[in-house]
Structure formats: structure tokens, C-alpha cells
2 protein chains.
Amino acid sequence: LKAEIICIGTELLLGDIVNTNAVYFAKELASIGIDLFYVTTVGDNKERVISVLKNAWNRADIIITSGGLGPTEDDLTHESIAGFLGVEMKFNQEIADKLTSYFKSTGRVMVKSNLKQANFPEQTDVLPNNYGTAPGIIYNKNNKIILTFPGVPSELKSMWELTAKQFLISMNPNVSLITSKDLRFTGEGESAIAEKVSDLLNMSNPTVAPYAGRGEVRLRITAKAENENKALEMIKPVEKEIINRLDKYYYGSGNDNLETVVGKILTDKCQTVAVAESFTGGKLAERIVSVPDASNYFKMGLVAYSTEVKINQLGINKELIKNHSVYSEEVAIEMAKRIRDISNCDWGIGTTGLAGTKDHIHQIDDEEIIISAGTIFVAVASKDKVQVRKLIYSRWKREDIIYLGSQASLNLLRLMILDKI
Amino acid sequence: LKAEIICIGTELLLGDIVNTNAVYFAKELASIGIDLFYVTTVGDNKERVISVLKNAWNRADIIITSGGLGPTEDDLTHESIAGFLGVEMKFNQEIADKLTSYFKSTGRVMVKSNLKQANFPEQTDVLPNNYGTAPGIIYNKNNKIILTFPGVPSELKSMWELTAKQFLISMNPNVSLITSKDLRFTGEGESAIAEKVSDLLNMSNPTVAPYAGRGEVRLRITAKAENENKALEMIKPVEKEIINRLDKYYYGSGNDNLETVVGKILTDKCQTVAVAESFTGGKLAERIVSVPDASNYFKMGLVAYSTEVKINQLGINKELIKNHSVYSEEVAIEMAKRIRDISNCDWGIGTTGLAGTKDHIHQIDDEEIIISAGTIFVAVASKDKVQVRKLIYSRWKREDIIYLGSQASLNLLRLMILDKI
């Protein structure tokens, strides 16, 4: 079965909003084995919507529209479909009653134009919308299917999940379903990760594909099978093999990120962490705190942005800074140790470095050390272990250097808690 | 002149990437007064690309394509256009030489397929690409214009800015250009802001339109005129009138945000700030530090996430917490004052509150105080002034409450430094 998506809305043609509905449908259609050959965007204009419907009717079995179901005069998707099919619009009392009681229950005033949403083209059924006032339609005749959705992403998604998806699966019974699982890696670049699984990248079912993100690499395993469980069964051995080869870099799957993974490990082990940040400037604390119930394992963060604060508040030795520069492994280590001591936590993290675009020149007696822009140091300390990493992100943007520094810190903590380094 | 955009790439139809090129072109075309009626997305398939070109040719004066200019066999935009126009592909020696020297200069190996990018349809000119290997084409004949761009957003944008935009403006000389300016407000909701300028929202040139963001409202003033300077002249008096009416809420324009605006004010006044954060958990420090050269005015942040740290590190009085709960105006004020003292800065900010979904019950002797989820307190202190705000964001998401808390803190600081409250 071939599908075509039609997105209706002048605001899309003015560039006011990015069309995320199209990408959602594209992904969903792929997952249930329906080919998508065209996506068309058209404004709120009946004549043009009808011309686009004509094209789609000639080249697709399934037409999916989004947008144009609201109560205003601009919303004319259903009118256009009626015009295209050559049928009348029909008032649906049941939907009108639902609309009336919906407005009553929310305490909002229903104006007459809202009842426009109870008119539907003849020969179509209602596609229910449980989260908004605008239902869609299902047309299923002459070997053609038309489904309409409102433009509001949350309503569209719930209508798809609750009704439309199953309906299309039932129309297309012998097709293979596509199921994917993302494995997440950090601490190594895309090409190095890909190289270690290069033989697996040529498989056909399941397939394995690498995706590079900021400070991480994903490997997506995708299987086609008659149902989701079978697909997951096919994914399992490949997943095991990949994790086996890349154990050190593998940190999670699906929607995991380093802060949720580290949070879970700390919770499981009943351990706590505190951070002393210089160039990451609060980013590290912010990521840790973004996880609900982080207060169970996160006690304290110090953003020691100036050298003065590093000395006076954190208690870093002046001589250490003088001898090594404030941007050094030695200072990062001392920051991690001191914040652990002060906070009385199991783990301390220290970050120092240059997130700006200027190199730094440090004078030691007669000698000059040049620390180049983008050079950062992250350290993690426990009571009896300490590790530090020097990383150089030259020519990266400030916000990326800060993010990558927080990423490297969290990963170093993860590896040390798990005793993997 | 009417334009149509064609986005070419199977990856767009699989939902792997969001189509941001379409929204970029839509905005740009609107700004130079060219109507956009259709956007079509099609896969890497010659026959289907040609059928889409045919439709576009019949209904548009200008066809703009993105994608399909790479060196692989899948990249067939130019071949499709040649097929559609009924012309041959022609080798361009000049471009081939440029490609060769580009590869030499970057130290990369040029393979034979790269030279495919030096073939162009006859009857077309080259649309130069200074940031990549794939140039586009300009076709300008029979009252039709075709422009092709690669799919890489950065290359596409530079080609548009450097060449294509001026070319299209010159083709459409009598049209009005559209220029906009965004004014930014915070501390008041969209409807209240809109109400204070409701008479201006009905003007026709310039127009004024409100946009609600997270923790802020934008008013966009848009003028149509024969050139940008004239449009800006028309915007000026409206801008002045709006700022006049909404002075207290107005904080900046264009790409300003509260952290850049506050950074500029602190720099100008040679003043410094330190922050003590509880529920914002580092977000406030992170936003301040995201501005280059923040080290000139930001010295120290303390994420006092646990009550213990608030008492031991920040020196908040135990009795104060006992008498008012840790989530209180009194504690927020004390946090702001203490961090200012400790850091020896001009300004101190304190934040405390409940970003989670659970209410908190505080016991004072026999009395219970219930502090509901989403209740936050932000305070700002200088040597001789202090102000605090209580805000309630019930049923907001954790990350939004944290962001809105940082927004309210920065705005309170802004207003106090500027002596506006």
C-alpha cells in the first residue's frame, strides 16, 4: 500500500512553524510497512486543496491529511474533501452533543462556529479525537482510504495511536512490521564505534545503522517481522553481540541519557555525588538535577567560576594554581577531592578548562605555558580513587564545549562507579 | 510571482529527519514578497521527481529544490531536471577543477564519483556553493525559474544569501519587501500584554502580532516597503509606542535573551553577581555562564540542593527553616543575602521551591503548612535592597518550572539593577 501525506495550513507556507506532523507520520507509516512516496504542503485554500487531493488520489492508496479541522472559516479540509468526492456535508448530532458537553465541562463558552466541527462529508465515518474538539474522518471506498487529522500534534498523535494505526494495520495484514531499538554509546567517536561492528552494518534483517549525536553515538537495530515480539526476538542476539564488543562505551538504550543512567546507578548503590564546576558553569549540576528525585543522591554543586572562589570557597591551594595554571589536571583533581570532602559525598566531580575562543597563557617563573581554547579537564574522586581526563575541543562552540564537558564528567563517574576503569 | 518548493530525499519520507529547509525557504520567500503555494517532498526516484517537477511547472513561476546534489547514485536532482527539460547533461571543466583543488586543499581523497557533481543540465547556469562540493543550478527561460540547492542546511543557506536571494529580488523588482522586528517581554502573560496594545494589533502596515514563548511574550512588528530601510523607518514609531506602554515588561529585541541582557547591564555598570540555587539546580548559573565573557561579572554559584548544605555551606539559620519551611520567602531572601556576603559580589540571587509533582507538608509545632507542587520563591539582594517573589506553576513539567524559575530570577535582578521596582 502506498500512502501520501497532505499538510494543510497557510502558516506552514509562511515558515512560522516547522512541520513536525509530517515527520511523525513518515516514521509511523514506515513502522507499519506502508510506503510513503510524497508529502505535500498546501495553504488554507479550497481550490488548491482539491487539486492536491486529485494528485494524491491518482498516485496513492491512502491519503492522510493534517490541519484545517478547526472552527474558523479558514479551516476547510472536510469541505474540500466533500467537494473533491462530489458529496454533501452532513450534520452529526452525536458529535454536536459531545462538543456541547465538552465546552460545558471545561467552563468555556461555545460559539456557533464551533458546531461547524460537527459537519462531515457524506460517505465517511468519524475518526474520534479524545483530546480536542475536532474529530477527523475515515473514508474507505473504491480501494482508497482517506484519513484526516487536526494540526495540533498531541491530538493527532493520540488519534493515530488509538484508532488510525490499528485500522491501517488491519487493511494491510500481510505486511512486515518494523521495530527498532537504539543502543547508546559515549566516550568514542562514530567511525571508531562503527569500525568495531563494521561486519554487522552489512546485515539485512535486522539492520544496524550508526547515528552520530553530540557527545554520543547511537546504533539503531531495526528488524522486520510479522509482529513486534518477533522483531524484538530478532533484535536481541544482535544487541547482545554489539554490547559485548562495545561494553566500555555502551551506557544505555532507548531514551536513556547519561544523567538518568548515572542517577539510577547512584540510587541503586545508595551513593551520593557533589560537583565543583568551573567552565561547565552549572551545566553539570543542571543535568543531574533534571532527573526527578535527584535529591536522593545529589547534595551540592559549587560553580567556582573565578580563581578567587576556587581558592577561598573550595580551598584549592594557591601554589597548585601558580605551578600548573588553573586550567590543569592537578586543579581538576583537587576540585573533585575538595567538593567531596566539603559535601561529605561518596563522589566528587571537578571541571576546569577554556570554553571560550581565546588561548590562555600561564606564566611559571620564566616559562610560558599556552593552553589552547577548547582545552578542558574533568576529574572524578572517591575516597580512595581519582581519575582525570584532558580533552581538547578546538573550534567547537562555547555551548558545545560546556555540554561535552558535562558529558565526559558524567561518563567518567559512570565508569568509576561501575569499576570499569 | 508564485514559488513552489520541492524537497528531494528518501530520508525525509522515512521520518529520519525533520524538514527544516522547507521552513527556511518559506520564511525567506515571504520576506521578499514571493508567494509560496505548495511544498512537495519526494524520494530519490527519477520518475517521481520528474512527475513532481511537471506539477510544479504547471502551477508556479519559480521552482526551488533542495537535496539530491551529492556524488552518489541516489543523487539525481540534476539528471531529473535534464530529463524533464529534455536536455543533455554537460560536463563543466571549471567546476571539475574547483572540485579537484578543494579535495587537495582539505587533504581528502577525491574518488571518481565526486566528478559527477561537475555535470549539469544544458541551458542552465551554475549556482555557486562556497561551503561544499555540490553547486546548484539556475535555469531562467520560458518565464520559468528553477533553482537547485543541496540538502545540507548550512550550504543551502549560504547559497541563498550570497546569490539566489538577490537574483530573485531582481526578477521581482516592484514587490514590497517584508521586514520584521521582535520585541521581547517578560513578567506578564500573553493576553495581558496583548490587551495593552490591542488597538495596535489591528493595524495593517506595519502589523503587530503577539507570540507566546516559555516565560516570555514576543510582539513582532512587520512592515512592507520597497526596501529594508523604509520598512525599518515604519517600524520605529510603533516600536517606540509599544515600549512606552510596556516599559516594565520590555527587556530586549531580536535575538536578545535575559542572560545576554543582564550580562550587558552588569558589564556596563561594572557590577557582579553570585547565585545560590535550590530547585533551579544550576540552571541559573548555566544560563548566566552561557554568555561569552560572563567571568567579568559572574563569580560564584552554589547549588544548595539539600537542606544540610543550605545550613552548613550557605549558613542559613536552622530556626528560620524550622519556622517557615525550606520552601519560603524567608529562606529565599536569606540565600540571596548569604551568597552575596560569601562571594563579596554586588548582587545575590536565591531560589528555593518545589519543582517536582509532590506537595510538601511542613510541620510547625502543632500546625501543618502545605506547600503545593510548583510553588517557587526567588529573591534578589544587594547591600541595601532585597526583593522576593512567590510564583506558583502547578501542573507544569519539572524542566519548565526550573526554566521559569531561572527566568523570574534574572528578570527580578534586571528590574532591581535598573531601579525599575
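The questions below ask how terms apply to this predicted model.

Local features need pLDDT of at least 70 and side-chain atom pairs pLDDT 80 or more, while totals for chains, interfaces and linings use all residues. Residues are numbered from 1 along each chain as written, chains are lettered from A in the order written, and side-chain values use heavy atoms, without hydrogens and water.

User: What makes E216(A) and R184(A) a salt bridge?

Analyst: A salt bridge is a side-chain nitrogen of Lys or Arg within 4 Å of a carboxyl oxygen of Asp or Glu. In this pair N and O are 2.6 Å apart, so the rule is met. E216(A) lies in strand β11 (residues 216-225) of chain A and R184(A) in strand β9 (residues 177-185), 32 residues apart. Strands are DSSP runs of E of at least two residues, and helices are runs of H or I of at least four, numbered from the N terminus.

User: Why is E216(A) called buried?

Analyst: Buried means under 20% relative accessible area, exposed over 50%, and partly exposed in between (1.4 Å probe, protein chains only). E216(A) has 15%, so the residue counts as buried. R184(A), at 13%, is buried too.

User: How do you know that R214(B) and D400(B) pair?

Analyst: Their side chains meet in a salt bridge, at 2.7 Å from N to O. R214(B) is in the loop between β10 (207-213) and β11 of chain B, and D400(B) is in helix α14 (residues 398-417), 186 residues apart.

User: Are R214(B) and D400(B) buried or partly exposed?

Analyst: R214(B) has 35% relative accessible area and is therefore partly exposed. D400(B) has 12% and is therefore buried.
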